[in-house]
Amino acid sequence: MAAKINISKLLSQISAFGHDANRLAVAVTNSTAENIANQAKLRAPVDQGQLRQSIGKTTARVGYNVSFIFANTP
């Protein structure tokens with residue numbers, strides 16, 4: 001006897017997996033960017049502390065999974 005498959009339920013589950021995968025990718029991107037920014041702060045010279053204080057990152061989000069590390073001091 002063949003099993004009955006509910007196509008709409010299956011498609012809904014596949015769609016939910018895609019959203020969960022996107023959220024997980026964003027979480028990994030944000031965590032990695034945070035680690036990179038922290039390492040950059042630790043390695044920056046501390047003459048007056050301006051460079052170290054100016055290091056930061058942008059936050060990735062679902063739909064735009066990009067994060068930038070930056071320093072606002074020359």
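Helices (H or I, at least four residues) and strands (E, at least two) are DSSP runs, numbered from the N terminus. By that reckoning, N72 sits in the segment that follows β2. The model described here is predicted. The protein holds two helices and two strands. Their order from the N terminus is α-α-β-β. With a radius of gyration of 21 Å, well over the 11 Å that the globule rule gives for 74 residues, the protein is more spread out than a compact globule.

**Overall form**

- The C-alpha trace spans about 75 × 20 × 10 Å along its principal axes.
- Of the 74 residues in the protein, 15% are buried.
- The protein exposes about 6,000 Å². Carbon and sulfur atoms supply 59% of that area.
- Take the contacts between residues at least 6 apart in sequence: 36% of them join residues at least 24 apart.

**Helix α1**

- Helix α1 covers residues 7–43.
- It has 37 residues and reaches 54 Å from its first C-alpha to its last. That is close to the 54 Å expected at 1.5 Å a residue.
- V26, N30, A33 and A37 are buried in α1.
- The cover over the buried residues of α1 includes two strands, β1 (55–57) and β2 (69–71).

**N30, a buried residue of α1**

- N30 belongs to helix α1.
- Its relative accessible area is 17%. Buried means under 20%, so N30 falls in that class.
- Which residues does N30 touch, leaving aside its neighbours within four places in sequence? N30 is in contact with K57, T58, T59 and A60.
- Among these partners, K57 has a number that falls within β1 (55–57).

**The salt bridge**

- A search of the whole structure finds one salt bridge.
- D20 and R23 form it through their side chains, at 2.7 Å from N to O.
- Side chains of opposite charge can pair when their charged atoms come close.
- Why are D20 and R23 placed about one helical turn apart? They are three residues apart in helix α1, so about one turn separates them.
- An α-helix has 3.6 residues a turn, so residues three or four places apart point the same way.
- Both partners are partly exposed: D20 has a relative accessible area of 40%, and R23 has 45%.

**The nonpolar patch**

- I5, I7, L10, L11 and I14 make a nonpolar surface patch of about 500 Å².
- One of these residues, L11, lies in helix α1.
- Is L11 buried or exposed? L11 counts as exposed, at 52% relative accessibility.
- The cut-off for exposed is over 50%, so L11 passes it.

**Pairs that link α1 to later residues**

- T32 lies in helix α1. It is partly exposed, with a relative accessible area of 40%.
- T32 and S67 are 35 residues apart in sequence. Their C-alpha atoms are 9.2 Å apart in space.
- A25 also has its place in helix α1. At 31% relative accessibility, A25 counts as partly exposed.
- A25 and R61 are 36 residues apart in sequence. From C-alpha to C-alpha, the distance is 9.3 Å.

**Helix α2 and the segment after β2**

- Helix α2 covers residues 50–54, and Q53 is found there.
- Q53 is exposed, with a relative accessible area of 68%.
- How far apart in space are Q53 and V66, C-alpha to C-alpha? The two are 22 Å apart, with their places 13 residues apart in sequence counted as a separation.
- N72, in the segment after β2, counts as exposed at 61% relative accessibility.
- N72 and R52 are 20 residues apart along the chain. Their C-alpha atoms are separated by 9.7 Å.

How values were computed. Residues numbered from 1 in each chain as written. Predicted model: local features only at pLDDT ≥ 70, side-chain atom pairs only at ≥ 80, totals over all residues. Heavy atoms only, no water. Salt bridge = Lys/Arg side-chain N within 4 Å of Asp/Glu carboxyl O. Buried < 20%, exposed > 50% of the residue type's maximum accessible area, 1.4 Å probe, protein only. Patch = residues over 30% accessible without salt bridge, like charges linked within 9 Å, V, L, I, M, F, W, Y side chains within 5 Å. Areas by Shrake-Rupley, 256 points an atom, 1.4 Å probe, with all protein chains shown as cover. Expected span 1.5 Å × (residues − 1). Contact = heavy atoms within 4.5 Å. Rg over C-alpha atoms; globule rule 2.2 N^0.38 Å.
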